[in-house]
Amino acid sequence: MEKTFRTPQCQKNRKTMMKMPRTKNIKTIEAEISQTEEQLRRLKERCDKASQKLDALYELKKHREQEELLKAIDKSTRTKAEILAFLESHA
């Protein structure tokens, strides 16, 4: 049993619902592939830069912590042996 569309708006909607999506040709697909590859390349570059910056920040933090620890050791009245024994007992 076929549906009947009574109003002109319903007939128009029926026509648009029956349209099939366009099929992409090879050139369009290749262009889209190329564009997506370029986007991915740029994202990888950004990721690499962010990773390098993070590594540099970790190194800077480690260096500052070492400096802070050496300053604390210099100010301390404890001997090297006492400090090492303390660190080894709490490791």
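The largest pocket in this predicted model holds about 160 Å³ of space. Who lines it? Going along the chain, the lining is made up of Leu69, Ala72, Ile73, Ser76, Arg78, Glu82, Ile83, Phe86 and Leu87. Sorted by class, that comes to six nonpolar residues, one polar and two charged. Two helices, H2 (26-75) and H3 (80-89), each put at least two residues into this lining, and H3 is the top contributor, with four.

H2 deserves a closer look. With 50 residues at 1.5 Å apiece, H2 should span 74 Å, and its end C-alpha atoms sit 73 Å apart, so expectation and model agree. At the start of H2, asparagine 25 gets involved: one of its side-chain oxygens comes to within 3.3 Å of the backbone nitrogen of lysine 27.

Part of this stretch also carries an annotation. An unreviewed UniProt entry lists residues 26-60 as a "coiled-coil region". In the model, that span is 100% helix and 0% strand, with 51 Å between its end C-alpha atoms.

How far can the picture be trusted? Across the protein chain, the mean pLDDT is 86, and 77% of the residues reach 70 or more. Confidence peaks in H2, at a mean of 96, and bottoms out in helix H1 (residues 8-18), at 61. Where pLDDT is low, the predicted coordinates are not meant for detailed reading.

Methods: Residues are numbered from 1 along each chain as its sequence is written. This is a predicted model: local features need pLDDT of at least 70, side-chain atom pairs count only at pLDDT 80 or more; totals for chains, interfaces and linings use all residues. Side-chain values use heavy atoms; hydrogens and water are left out. UniProt positions are given in the numbering used here, feature names are shortened, and annotations may be inferred rather than shown by experiment. On a 1 Å grid over the protein atoms alone, a cavity is a set of points where a 1.4 Å probe fits but cannot get out, and a pocket is an open set with protein on both sides within 12 Å along at least five of seven lines; lining residues have an atom within 4 Å of a point. Grid points are joined across faces, edges and corners, and a volume is the space filled by probe spheres set on the points. Ala, Val, Leu, Ile, Met, Phe, Trp, Tyr, Cys and Pro count as nonpolar, Asp, Glu, Lys and Arg as charged, and the others, Gly among them, as polar. The expected span of a helix is 1.5 Å times one less than its number of residues. A polar contact is a pair of N or O atoms within 3.5 Å; within protein, one must be able to donate a hydrogen and the other to accept it, and residues adjacent in sequence count only if both atoms are side-chain atoms. pLDDT is the predictor's confidence in each residue, from 0 to 100.
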